[in-house]
Each structure stands twice: as C-alpha cells, then as structure tokens.
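Q: Could you take me on a close look at one part of this model, the largest pocket? I would like to know what lines it and how the helices around it are arranged.

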Amino acid sequence: MPDDRFPAMSYWARVTLTIAGVLVLLATAWSVRHILLLVLVAVVLAVGLDPQVRWFQRRRLSRGWAVTVILLLSIGFLVLFAWLVIPQAVRQFHELARTDYLDRLQHATGFLGTLEAKFHLAERLREASAKIPDLALGKIPSITAGAGSVIFNFLTISVLTVYFLLGLERSHEAAKALVSGRHADRNVRMLDESVERIGGYVSGNIFISVIAGTLAFIVLEILGVPFAAALAVWVAIADLIPGVGAMLGAVVCVIVALFSSVADGIAVAVYFIVYQRIENYVILPRIMGKAIDLSAPTVIITLLIGSSLAGLGGALIALPIVAALKVVFREVRPSIFQSATVSGPSASDDAQPSTPDAPPDRSP
C-alpha cells in the first residue's frame, strides 16, 4: 500500500526535470551573456529614445520616418564631432612634429629646469621614444582586436536599437496581451510605468552629458585651451558612459591643455576632478532620482554594482533594471513603501478617527 505521506515518484521526476531545465537555461544564458548584454543595452536605448520618436510622430511623421530622422541626427552628430576633431588633431600633430620639445626641455629654466637637472628627463624620454616603435609593433594585434570588438559591439547595438524602435509599438501591445489576466490593470500599469522610467533614465543621461559638455566648453574657453568646441563634444559623448565616462573625457582635455601650458593642464585637471565629484554625488543622483524615482544613495550603489558585475554595459542597464523592479515591488507589495512613508507620532495621529471621544453606536 503506497505511503500517502510522501509525494509520488512522478512529482519528484517533474521537480528534477524542472531544476535540470532551469540549470541548462542558466548555463546557456551564461555562455552567451555578452550577446544578451548587448541586447539589453539596445532595448534600454530603444525604450529611452521612444519618447523622441513619438514626438516626431505627433508631427505627422510615420514611425519609420521618425526613426530615420533620429538615426540621421545621430550620424550627423558623429560626423560633426569628426569634423571638429580630426582636422585639428592632424594639424596639431604636424606642429608637434616640427617642434623639438626634448631640446627645449634640456634648456628649460624654473621648475622644469630643476626636474631636468635632477632626473635627466630629456634623456629618459629619448630612450623611451626609441623603444616605442618596437612596442607599437608588438601591440598592433591586440589593439586591432580590441578596436574591432568595440566597433562590432557599437554596430550591433546600433542596428538592434533601430529594429527595436521600429517594432516597439507592436512589442508593447504584445506585452500588454501577455500580462493580461486576473490582474490585467495592475500588470499593464506596471509595464507602462517601467517603460516610462527607462525613458526617463535615457533622457536624464543625455541631459547630464549636455551639462558636462557645456561646462567643459566654458572652462576651456576661459583658459584659452585650443580646440575647446571639439573637446567639449568629446566630453559630452564620453559622459554618456556611466562611471568612467567623465574620466575618459577629462584625460583627453588635460593632455591637450598640457601642450598649451603646464598651468593650463593643472587647471583643467583640477576642474575635472572637482566636477566629477559634483556630478557623481550631486548632479547625477538628483537628476536620475527625479527621472527614475530612485534615491541618491540607491543611484550611486546601483551604478557601482552594475559596473563591477558587467563593466560598461552593466552600468548602462543597472539603473533601468532597478527602477523597473521598484515599480513592480511597489505594485505587488505596496505595504513596503507605505510603511516607509508612515512613521512617527504624526502618522499614528492621522490613523486615529476624527472623533475619538464619540460613544459607540449601540442602536440595534
């Protein structure tokens, strides 16, 4: 006679197959995690750019033409950046080639002259420059592979973003149909608010980049650093990358400023050090907190965890994921967020009836 206290063997067989299937699915996802990360980044960008596409649609453009306009504007921005940077960079390298800086360093006076007399900087730089060709030839394969990987990732994300933008309306309707059921209204509300939060994240990130580029242009112009417009555009583009973007933009600006003068290089470095702290702990948390409804500490901690887990891609998608999860938890478990806002004696007083001394109603 079978023992009813334990489930049948068929139950354990289903449990075993389910666990095995989940493990296989996780192993497969881990093996293609790089591709999945690119897809997630493209999805975030597509959802974030959707408000701009819908803005063009309200101007009586079809969705296809609206996406085309966004794409052409993005390409035009990159072409403008190349037009500002490449000719100026070529001219600057020609000027550097015609100037013997090492000879000037040997005969320098003041602080640089003291360093030259003590450490023989010119001789050490000549020795290092003689080794550069051999080092460069040895690094060419790895540099080429790294550049090819970056270009491939950029093109993959760009193409996927365009396709996702074109089909986003259909995908949104399909997602609504998928979550319909017993709690259809709540599920659709969570979906719409999550999409809104992701769009706010992308818009906020673009706004922060505009601030970074504008302030960099003002400072570089005041200091008289050459190529201020091109450097400001580079700072704005680099600042789109969470975490390390500001540093990437700062390094190029400091190098260019050092060619102008040591004082300019130091001033630019100090500015970017101060600005990066202000952006990371004041501007970014405030703007992102309003855009995606997350507190400043949550924004900072999420960026740190996302970048440590999955690098730049993780930093890009960490905030949208956390913002969407907050929307879900707030709808599914509203008591968690209500209890966080209800505290202190004032809250308990609000919970009391308006006439606490009134006698109870004993009428039959």
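A: Happy to, and let's begin at the middle: Leu45, Phe154, Ser158, Ile237 and Leu240 are the lining residues that lie nearest the centre of the largest pocket, out of 43 that line it. Please keep in mind that this is a predicted model. The volume of the largest pocket comes to about 1,900 Å³.

Where does the lining come from? At least two residues each are supplied by helix 2 (33–58), helix 3 (63–98), helix 6 (121–166), helix 8 (184–223), helix 9 (228–238) and helix 12 (296–332). Helix 6 gives the largest share, with 10 residues. In chemical terms, the lining of the largest pocket holds 33 nonpolar and 10 polar residues, and no charged ones.

Two of these contributors, helix 2 and helix 12, also deserve a look as a pair. Their axes come within 10 Å, and helix 2 and helix 12 cross at roughly 40 degrees. An angle of that size is why helix 2 counts as oblique to helix 12. The handedness of this crossing is left-handed. On the helix 2 side, the contact is made by Leu37, Leu40, Val41 and Val44, while helix 12 brings Ala310, Gly313, Gly314, Leu316, Ile317 and Pro320. Sorted by class, the residues of this contact between helix 2 and helix 12 are 8 nonpolar and 2 polar, with no charged ones. So for your notes, charged residues are absent both from the lining of the largest pocket and from the contact of helix 2 with helix 12, going by the class definitions.

Definitions and conventions:
Residues numbered from 1 in each chain as written. Predicted model: local features only at pLDDT ≥ 70, side-chain atom pairs only at ≥ 80, totals over all residues. Heavy atoms only, no water. 1 Å grid on protein atoms, 1.4 Å probe; cavity = no way out; pocket = protein on both sides within 12 Å on 5 of 7 lines; lining within 4 Å. Points joined across faces, edges and corners; volume = space filled by probe spheres on them. Helix = DSSP H or I, 4+ residues; strand = E, 2+ residues; numbered from the N terminus. Axes fitted to C-alpha atoms, helices over the stretch in contact; angles between N-to-C directions. Parallel < 35°, antiparallel > 145°, perpendicular 65-115°, else oblique. Left-handed = near helix turned anticlockwise from the far one by under 90°. Contact = heavy atoms within 4.5 Å.
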